[in-house]
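Dear colleague,

I am handing over the structure below, and after it you will find notes on the metal site, the charged pairs and the nonpolar cores.

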Amino acid sequence: MPLTRRTLLASASAALALRPGPMRAQDAMPELRAAPALAQLAPEGYGATPVWTYGGAVPGPEIRVHAGERVRRRFVNGLPQDSAVHWHGIRIANAMDGAAGVTQDPVPPGGTFDYDFVAPDPGTYWYHAHARSWEQVARGLAGPLIVEEVEPWLGQEGTATREVTLMLADWRLQENGTLHEESFGDLHDWSHGGRLGNTVTINGRSDAAISVRAGERLRLRIINAATARIMPLRLEGHAATLIALDGHPVAPRPAEEIVLAPAQRADVVIDCTGAPGSRAQVLLDAGRGEWVGIGSLAYGPEAALPLSGVPVRPLPMTMDHALDLENVQDEDLLMEGGAMGGLRTARLNGVDRDFRQLVAARRVWAFNGVAGDMDQPAFQVPLGRTVRLTLRNDTAWAHGIHLHGHHFEVLSRGGRTDPHRDRRDTVLVMPDEPVEIAFVADNPGRWLLHCHMLGHQASGMLSWFEVG
Ligand SMILES: [Cu+2]
């Protein structure tokens, strides 16, 4: 048979058919399907909750890669609404960012979109819907995205022997287990602290029991996937050591209490000092210092392992780029509006409106005097320039401000230098406490900048910046 392109292809495909070896990476495009499903959020005996899921469960499947590897997923939209998937905290190629209407067209019901990107930095990340996110995330569309260190950290001297992901979510459930749908988009919620739920779950259960063995040292990857609830957390009877925030390594430090705004993550190490057969509660401050159990560490009956006894080994520091604060572009982000905020006017559809008109249009917050208009960026910056952004909260509420595509350093809070200078992708800004952050604008494109209280985002706290 003469060797032609046609026969070459025919024999190649025949060979493939005959040798069902492992699929090559470039052939595989695993599906990530969003679709309605039932989830047993409340304890057995209560009704299951109709939710929206990735892969049929809440949280969605944990995606795990090593730093520098590609994440590839064919998103399939089995929802009754347009959607898109955002990969929160990943310094991602702009076209893969999943911001519906900004970096891609929304994916219609029945449609697909292929996400294919490199995850450059190790750490604890997550993915979630970025279309009507105030509803879609509250219905369950979120999952963990874990980027492992290139050189294994787990199992080394002073590290942990095992790790557990704890994805926390906040649901507004009715007696029969269904979501309270009538209050989706409630403007009273949006103009206050956002849609707060009445049931907090860990990994999709309101009575989660995390199995542990006495004596072992654990790395906990904690993710706040709530749409509005700020979560102060404690582990009853356990001393936690903080090792990373929003994926970024920090010099290990004691953390008796961890406060996670929506979208924030913390990695902590704990020594399981409880007795075999005992239980320790995961405690959440539900407001005004009222600590409630939202799950537990459940010790198995096995005899205790010897405690590690050595200091917690830090994660390898991985960030490569340095801030150039000598030659910096200064920008401001002024937050205004909301209940008790005294906002007089803000621009909407290019025209200044009074607060009554803003309420009628369901835009009750403003960034720099603009109530969610997207025609102009908040700022533009040349590629590679360092930006120092001062976040000023002139409202009566806390806001968790998130920048897409970049990681920033927290320089100061309330006018005082931040002792830790943590690197993050989401920062909690309290009323009347300006926060200075800085980042190298090293990722070209149009990037969203918004409050991660998702009802706030939907009602005015949304803008964008352009790099390059
Ligand atoms: Cu907010």
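To begin with the metal site, C451 and H456 are both buried, where buried means under 20% relative accessible area, exposed means over 50% and partly exposed lies in between, using a 1.4 Å probe and protein chains only. Please keep in mind that this is a predicted model, in which local features need pLDDT of at least 70 and side-chain atom pairs count only at pLDDT 80 or more, while totals for chains, interfaces and linings use all residues. Residues are numbered from 1 along each chain as its sequence is written, and side-chain values use heavy atoms, with hydrogens and water left out.

These two residues, together with H399, supply the protein donors of the copper ion, namely ND1 of H399, SG of C451 and ND1 of H456, at 2.0 to 2.1 Å from it. Donors here are N, O and S atoms within 2.8 Å of the metal (3.2 Å for Na, K and Ca), and since water is not among the atoms, sites may look incomplete. Along the chain the copper donors follow the spacing H-x51-C-x4-H.

Turning to the charged pairs, a salt bridge is taken as a side-chain nitrogen of Lys or Arg within 4 Å of a carboxyl oxygen of Asp or Glu, and by this rule there are 35 salt bridges. One of them joins R139 to E135 at 2.7 Å, N to O, and both of these residues are buried. Another pairs R265 with D425, with the closest N and O atoms 2.8 Å apart. This pair links distant parts of the chain, 160 residues apart, with R265 in strand β17 (residues 265-271) and D425 in the loop between β29 (423-424) and β30 (426-429); helices (H or I, at least four residues) and strands (E, at least two) are DSSP runs numbered from the N terminus. R265 and D425 are both buried.

A further salt bridge connects R423 and E409 at 3.4 Å, N to O. Because R423 lies in strand β29 and E409 in strand β27 (residues 408-413), the pair ties together parts that are 14 residues apart in sequence.

As for the nonpolar cores, each is a set of buried Ala, Val, Leu, Ile, Met, Phe, Trp, Tyr and Cys residues joined through side-chain atoms within 4.5 Å. The largest has 63 residues, and W87, L391 and I401 have the most contacts inside it. A second, separate core of 33 residues includes L166, A208, V268 and I294.

Best regards
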